[in-house]
Amino acid sequence: STRSVTGLDHQPDILWIKARSTTDDHRVQDAVRGSTKQLDVNNTDEEYTASDGITSFNSDGFTIGADSSNQFNVNTETYVAWSWKANGSGGANNSGDINATVSANTTAGISIVKWTANGSNADTIAHGLGVKPSVVWYKKIDNGGHGWYVLTDAIDGSQDYLSMNTTTAPLTSAGAYGWQTSSTISNWTWNDGHGMIAYCFAEVEGFSKFGNYTGNGSTNGVYVNCGFTPSYLLFKNHSGSAWWWQKDTARNPINLATLILFPNATTADYTSSTNGVDFLSNGFKLRATNDLNGSSQNVFYMAFAEFPFKYANAR
């Protein structure tokens, strides 16, 4: 049946949904492309329109339609959704070399950017944040065979990029492929005429933290200070080939957080006491010897706050 999911306390301008109890794709919608337009994080497929899937983004959540494609509301299946607030459907921003539609939340350091590529990686697109984003997720939307690229300087200060739909190690010297400034991101080397979407993230004190840590190979694992209580964590071991990991306090409201979803795979919720993480008042601590905490292994992470009091939507 159709249904509404409420209680988010914001409009979900970026919405990522995954079935927990079965194998299925990671699906992402956003307010710039429209709620019925979805992309799969775990593969290279082009944008798909599900007219009766996520039918609307609302001020406190989202609405699911009849779901004839059996993606968001199959009877008895369990789901998880992660959402970020940008600035609604956005508007035209022509301050870069290429005109774009930009939805930017400068308070939260999050923006959605949509444009048509022109084949020149020397050209720029405005992101609307006013500060340099530390992480940008890129995806071609109208042509299959091109995956999700994560461009970041959070690993070592230089430009690197990772592939979110694969397990590959990062490719360094990404300056040849893209770059960020306080006002623009690059067009990268996408073919002329193809539609592009980018999700840009700039660190905000008390709300988000992106970085790198080195594992110690112990069950008394590495502690990472975020300056807030995390609600959502995204990880990638980049010392070699390894899967992406997601953990959150919705699926694991108490420690030890043992549930895992993998953005590069359709796998259902996986749990193991040997893959635990503790969510702490000011960060997180690894409690296992695995891809997230192998001895001398380097891990990229993105953390977002559970209670970002400084930037809450309180009345």
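**Strand pairing and overall build of a predicted model**

Reader: In this predicted model, which residue of S8 stands opposite Ile-14?

Author: The model is a predicted one, and the pair in question links Ile-14 to a residue in S8. Ile-14 lies in strand S2, which covers residues 14-19 and runs antiparallel to S8. The residue standing opposite Ile-14 is Trp-84.

Reader: How many bridges join strand S2 to S8?

Author: Strand S2 comprises residues 14-19, and its direction is antiparallel to that of S8. Ile-14 and Trp-84 face each other across these two strands, and the number of bridges joining S2 to S8 is six.

Reader: Which strands are the edge strands of the open sheet that has the order S5-S4-S3-S2-S8?

Author: The sheet is open and has five strands, with antiparallel pairing. Each edge strand pairs on one side only, and these are strand S5 (48-49) and strand S8 (79-84).

Reader: What radius of gyration does the protein chain have, set against that of a compact globule?

Author: The C-alpha trace spans about 50 × 50 × 45 Å along its principal axes. Because a compact globule with 315 residues would have a radius of gyration near 20 Å, the value of the protein chain agrees with that expectation, being 19 Å.

Reader: What percentage of the contacts between residues at least 6 apart in sequence join residues at least 24 apart?

Author: The protein chain contains zero helices and 26 strands, and buried residues make up 55% of its 315 residues. Among the contacts between residues at least 6 apart in sequence, the share joining residues at least 24 apart is 63%.

How values were computed:
Residues numbered from 1 in each chain as written. Predicted model: local features only at pLDDT ≥ 70, side-chain atom pairs only at ≥ 80, totals over all residues. Heavy atoms only, no water. Helix = DSSP H or I, 4+ residues; strand = E, 2+ residues; numbered from the N terminus. Rg over C-alpha atoms; globule rule 2.2 N^0.38 Å. Buried < 20%, exposed > 50% of the residue type's maximum accessible area, 1.4 Å probe, protein only. Contact = heavy atoms within 4.5 Å. Pairing = 2+ DSSP bridges.
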